[in-house]
Number of protein chains: 2
Amino acid sequence: MTADLSQISHSELVSLSRQGNRAALARLISKIERRSQDTEELIGALFQHTGNAQVWGFTGPPGAGKSTAVDQVIRILRARGHSVAVVAIDPSSPFTGGAILGDRIRMQQHASDPGVYIRSLATRGRHGGLSHATKEVVMALDASGFDFILVETAGVGQTELDILKLAHTVCVLLVPESGDSIQVMKAGLMEIADIFAVNKSDRPEADKLVRELMLMIGLAENASRRGHAPPVLKTEAVRSQGMDALVDACIEHGAHIRKTGLLAEKQTEFLAEEVFDVLSEQLRISFVSSMSSDTGKQLIKELLEKKLSPYQVANALSGRMA
Amino acid sequence: MTADLSQISHSELVSLSRQGNRAALARLISKIERRSQDTEELIGALFQHTGNAQVWGFTGPPGAGKSTAVDQVIRILRARGHSVAVVAIDPSSPFTGGAILGDRIRMQQHASDPGVYIRSLATRGRHGGLSHATKEVVMALDASGFDFILVETAGVGQTELDILKLAHTVCVLLVPESGDSIQVMKAGLMEIADIFAVNKSDRPEADKLVRELMLMIGLAENASRRGHAPPVLKTEAVRSQGMDALVDACIEHGAHIRKTGLLAEKQTEFLAEEVFDVLSEQLRISFVSSMSSDTGKQLIKELLEKKLSPYQVANALSGRMA
């Protein structure tokens, strides 16, 4: 029964993962993370099985309690009989990368549950590539039959927000101390949030933040939401307060986007973006190879001598790379 | 004497900016920021005049006092008779975007000095494009004859660190409260910092952070530095303490990289990266146009129906876009 996973084909690996073989799934994901030349064949083998999972994104400032909240969401979805995969994006922020390991360890309490799969992806040094790899990891989890895929990311930079472009439903967690609603608006969170949760809501100022957010949402009536104003919920993830309501709100949002056609639009947009990511990755590979050719070296020499501008070199290369 | 800048050619605009016409420079930069179709011609007109400025990058966590420090560096370089341009990158972090405007206003005290030019670039929503536009803004400042170009960015994410790839000398500002040296190492700052400044060094724990950094630098002996171990300086930017030493350290680093050939290598690498950015931008434009063609629409339809994988669509498109 213990097949040698290193010897089997990509479609057999996908097939094993779809049967619940977690070692096969782990291997699939590692291959995707490594960006090997096999990725194309691998995605080809699993792509036809995608499109069934609901993907929820969770973001918020460091210290908002995202991991605890995600932990509770897992528990609630499991209690309702659903399988759940989590992709945790380790933040790329140089100055806030502290408590990650502890969070990950905490989530390991689900490790013995075959209906839960948790995987961390490290972001540092690969911001373009990360969202591409993350999308393909989500595809692998989707193809492996998980009902729900939760993507958890620290909202510390544009990169982390971009990752949420793969989620059907985005939940922004805030805490009373994390700043006021003006900051939320400036940060562009008003555009990406489908649901706001004010976590640690036992703290002073929680009600004030809730009121401000609701006012702001009222002002920022957004046509592209098709009648879904983001609800603002109060939660205390650490005491399991308000978490069932949060899960219900996510599920309701899912029903809303299916009904209004927003889901189909998002799926089209996400897949088109995946195609663009593939093209970008191919461009990087062919650029690196042209640079080491004789022509590439000659072009760089003329660039350094200011005989050619960067645009002229790019135009010369794009003819050759085609 | 007040030429209508909207009517003149790109090379005349570059020529005016090189003569010190700040309205012409502002117009050049705005054109670059807008990424119009003229950019190619514009860069072609100014590229030959680049390569003379020294580019220094300043990063650090929010609250480290970067703007005050940059302000002092401007003052010192001006006192030494140099012209200085500043590119301030507004952070894209959703949760730390607070005090920016005040900082910018503070720097306006140099507004009446013709030897100083300060420009902010906003990052939100364009992380790939930002470093490209920033590089070209630096080129425009370089071509306009500034001796020094200071690039100030909050180290809140990978994007912000990437921007430092256009600096010859990178100065990382820390404060005693910003965390310990382990975090600095985890964040990859050890690799990018040419100089560390422990700012607000009158505070407790400053000496401890200095000692830790020096120990860490000793451990992380880095061959690619060619014998330049990053100095660790104590500064109090707000009281002008240690700032001359910081400027001297930046100038010494500049001399070191010129002498060892590192500068030439950096220049080659930065220009090659600029060429790649041009290619990426061209890819994005031709991708958007293919997507709206009949073939593009047909490919996306087959993608949604899972008849084609994203890689197959990408391969079909890259044939057509060539």
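Select A:K306 in this predicted model. A:K306 lies just after helix α13 of chain A and takes a positive phi of about 65°.

Step back along the chain and select α13(A), residues 294–304. Colour A:G296, A:L299, A:I300 and A:L303, which are buried. These residues span an arc of only 100° around the axis, so they sit on the same side of α13(A). Now turn the helix over: the face pointing away from the buried side carries A:D294 and A:K297, both exposed.

Move to chain B and select B:K306. Its phi is near 65°, a positive value in a residue that is not glycine. B:K306 belongs to the loop that runs between α13 (294–304) and α14 (310–321) of chain B. How accessible is B:K306? Its relative accessibility is 26%, and because buried means under 20% and exposed over 50%, B:K306 counts as partly exposed.

Return to chain A for another residue with positive phi. A:K200, again not a glycine, has phi near 55°. To find A:K200, look in the loop between β6 (195–198) and α10 (206–219) of chain A. A:K200 has a relative accessible area of 24% and is partly exposed.

Next, select strand β4 of chain A, residues 148–154. How many of its residues are buried? The count is 7 of 7. In a regular strand, side chains alternate between the two faces of the sheet. Show the side chains of β4(A) and check each face in turn. On one side are A:F148, A:L150, A:E152 and A:A154, and on the other A:I149, A:V151 and A:T153; all are buried, so both faces of the strand are covered.

Keep β4(A) displayed and add strand β1 of chain A, residues 54–60. The two strands run parallel and are joined by 7 bridges. For a reference point in this pairing, label A:F58, which stands opposite A:E152 of β4(A). A:E152 is also one of the buried residues listed above.

The last stop is a helix pair in chain B. Select α2 (residues 22–34) and α3 (residues 39–46). A packed pair of helices is described by the angle between the axes and the distance between them. Here the axes come within 10 Å and cross at roughly 135°, and α2(B) and α3(B) are therefore oblique to each other. The crossing is left-handed.

Which residues of α2(B) and α3(B) meet? Display B:L28, B:K31 and B:I32 from α2(B), which are in contact with B:T39, B:L42, B:I43 and B:L46 from α3(B).

How values were computed: Residues numbered from 1 in each chain as written. Chains lettered and ligands numbered in written order. Predicted model: local features only at pLDDT ≥ 70, side-chain atom pairs only at ≥ 80, totals over all residues. Heavy atoms only, no water. Buried < 20%, exposed > 50% of the residue type's maximum accessible area, 1.4 Å probe, protein only. Helix = DSSP H or I, 4+ residues; strand = E, 2+ residues; numbered from the N terminus. Arc of directions from axis to C-beta. Pairing = 2+ DSSP bridges. Axes fitted to C-alpha atoms, helices over the stretch in contact; angles between N-to-C directions. Parallel < 35°, antiparallel > 145°, perpendicular 65-115°, else oblique. Left-handed = near helix turned anticlockwise from the far one by under 90°. Contact = heavy atoms within 4.5 Å.
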